[in-house]
Amino acid sequence: MEKRPHLDILLCAPRGFCAGVDRAIQIVELALQKYGAPVYVRHAIVHNKYVVEGLKAKGAVFVEELDEIPETEAPVVFSAHGVPKSVPADAKSRNMFFLDATCPLVSKVHVEASRHFEEGHEIVLIGHAGHPEVIGTMGQLPEGAVTLIETVADANVFTPKNPDTLAFVTQTTLSVDDTREIVAALRARFPSINGPHKEDICYATTNRQESIKAVAPLVDAMIVVGSPHSSNSQRLVEVALRSGCKVATLVDRASEIDWSLYGDLKSLGVSAGASAPESLVEEVIDAFAERYSVKVETKTTAEENIAFNIPKVLRNLEVTGAKAAS
């Protein structure tokens, strides 16, 4: 039997599920447990196909808009990314029973944006056009109240109505370094711009990027387990490439690995976006273990022990499946 080449796998920690994702999945799981199927979910609860398919198999029905839901007493769950104010208003007008799985850190940005608006500030949102979180944050305020800035170039040409009454908020899943550059460009042009009391980019996004920065220079290639629709997963690949790793790819699961990229590989870094379950990380490691003699080591750059409360109506239920997905 041919001897398999040796491969050192350096596993990033923290990686994978964050507290907001864990909470959102628990909300759907517990709603199914308490009320039975169907439970309707507006938009993918988190950006991971494997998680969504697993919940579908248990009776969750995913829709993009509320008008796709028939008249029903079944629960309707809003995704972790947050929704415009018009969505709960529409749900109330149709007497829907809804559960809000918006990540509390996204809700914090919504509150900040509303506070700035009430104080008479013109608001800039740093984020990616079309992302559900951005749509949700912009939808907290009247149309035209928020200007989206995606790049330093956008920041350099932005013309506010009044430079002295500016405030900014950011999407929670951005590149820490890119955002820092955009904020610096805005502050250079508008020194009195108001920012959040505490950075809007969430702890999990920051921690996962810092972990990648520590591992990427040490390995020949990096794999990030995550969905192409996941902003925080996409950013991890970018951070790996910027940190000196020549090959960094995003895969939803092991079946997507392009083996042509890994000829005489000696070392591999593995991480996962905040909506990717640990079982998919293990699947990727197992796939490499079939081709290489692997030695797995974990590099820990931060400890995470944050947990968010679930809605009161679902508390005191035993979680029979939510943790299993992670």
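Mentor: Let's start with exposure: a residue is buried under 20% relative accessible area, exposed over 50%, and partly exposed in between. Keep in mind that the model is predicted.

Trainee: Okay, let me try that on a residue. Where does D177 fall, at 23% relative accessibility?

Mentor: D177 counts as partly exposed, because its relative accessibility is 23%. K213 is also at 23%, so K213 counts as partly exposed. I mention K213 because the two are partners, and a salt bridge asks for a side-chain nitrogen of Lys or Arg within 4 Å of a carboxyl oxygen of Asp or Glu. K213 and D177 form one, with 3.1 Å between the closest N and O atoms.

Trainee: Which helices does that pair link?

Mentor: K213 is in helix α8 (residues 203-215) and D177 in helix α7 (residues 176-189). They're 36 residues apart, so the bridge ties together distant parts of the chain.

Trainee: How many salt bridges does the structure hold?

Mentor: There are 16 salt bridges. Another one to look at is R235 with E238, where the closest N and O atoms are 2.9 Å apart.

Trainee: Where do R235 and E238 lie?

Mentor: Both belong to helix α9 (residues 231-242), 3 residues apart, which is about one turn of the helix. Their exposure is worth a check too: R235 is buried, because its relative accessible area is 10%, while E238 has 30% and is therefore partly exposed.

Trainee: And how far apart are the closest N and O atoms of K295 and E297?

Mentor: That salt bridge has them at 3.9 Å. K295 has a relative accessible area of 45%, so K295 is partly exposed. E297 is also at 45% and so partly exposed. While we're on bridges, some of them share partners: D177, R180, E210 and K213 are joined into one network that way.

Trainee: On to rings. How many aromatic pairs are there?

Mentor: The structure holds 7. When you read one, look at the angle between the planes, since over 60 degrees counts as edge-to-face. W259 and Y262 are at 75°, with 6.3 Å centre to centre, and form an edge-to-face pair.

Trainee: Are W259 and Y262 buried or partly exposed?

Mentor: W259 has 25% relative accessibility, so W259 counts as partly exposed. Y262 is at 4% and therefore counts as buried. Ring pairs also link these two with F288 and Y292 into a cluster.

Trainee: Which residue lies over the face of W259?

Mentor: R291 does, at 3.8 Å from the ring centre.

Trainee: Now the backbone. What sign does phi usually have, and what form do most peptide bonds take?

Mentor: Most residues other than glycine have a negative phi, and most peptide bonds are trans. With that in mind, look at A13 to P14: the peptide bond is cis, with omega near 5°. P14 sits in the loop between β1 (6-13) and α1 (19-35). A37 and P38 are joined by a cis bond too, with omega about 0°, and P38 is in the loop between α1 and β2 (39-42).

Trainee: What about phi of H43?

Mentor: Phi of H43 is positive, near 70°, although H43 is not a glycine. You'll find H43 in the loop between β2 and α2. With a relative accessible area of 16%, H43 is buried, because the limit is under 20%. N95 also has a positive phi, about 55°, without being a glycine. N95 is in the loop between α3 (86-93) and β5 (98-100), and at 68% relative accessible area N95 is exposed.

Trainee: Last topic, pockets. What is the volume of the second largest pocket?

Mentor: About 230 Å³. Of the 15 residues lining that pocket, the closest to its centre are A44, N48, K49, V52 and H229.

Trainee: Which element gives the largest share of that lining?

Mentor: α2 does, with 4 residues. α2 (49-57) and β3 (60-63) each supply at least two. By class, the lining of the second largest pocket splits into 5 nonpolar, 5 polar and 5 charged residues.

Notes: Residues are numbered from 1 along each chain as its sequence is written. This is a predicted model: local features need pLDDT of at least 70, side-chain atom pairs count only at pLDDT 80 or more; totals for chains, interfaces and linings use all residues. Side-chain values use heavy atoms; hydrogens and water are left out. On a 1 Å grid over the protein atoms alone, a cavity is a set of points where a 1.4 Å probe fits but cannot get out, and a pocket is an open set with protein on both sides within 12 Å along at least five of seven lines; lining residues have an atom within 4 Å of a point. Grid points are joined across faces, edges and corners, and a volume is the space filled by probe spheres set on the points. Ala, Val, Leu, Ile, Met, Phe, Trp, Tyr, Cys and Pro count as nonpolar, Asp, Glu, Lys and Arg as charged, and the others, Gly among them, as polar. Buried means under 20% relative accessible area, exposed over 50%, partly exposed in between (1.4 Å probe, protein chains only). Rings of Phe, Tyr and Trp (its six-membered ring) pair if their centres lie within 6.5 Å; planes under 30 degrees apart count as stacked, over 60 as edge-to-face and the rest as tilted. A charge sits over a ring if NZ of Lys or CZ of Arg is within 6 Å of the ring centre and within 35 degrees of the ring normal.
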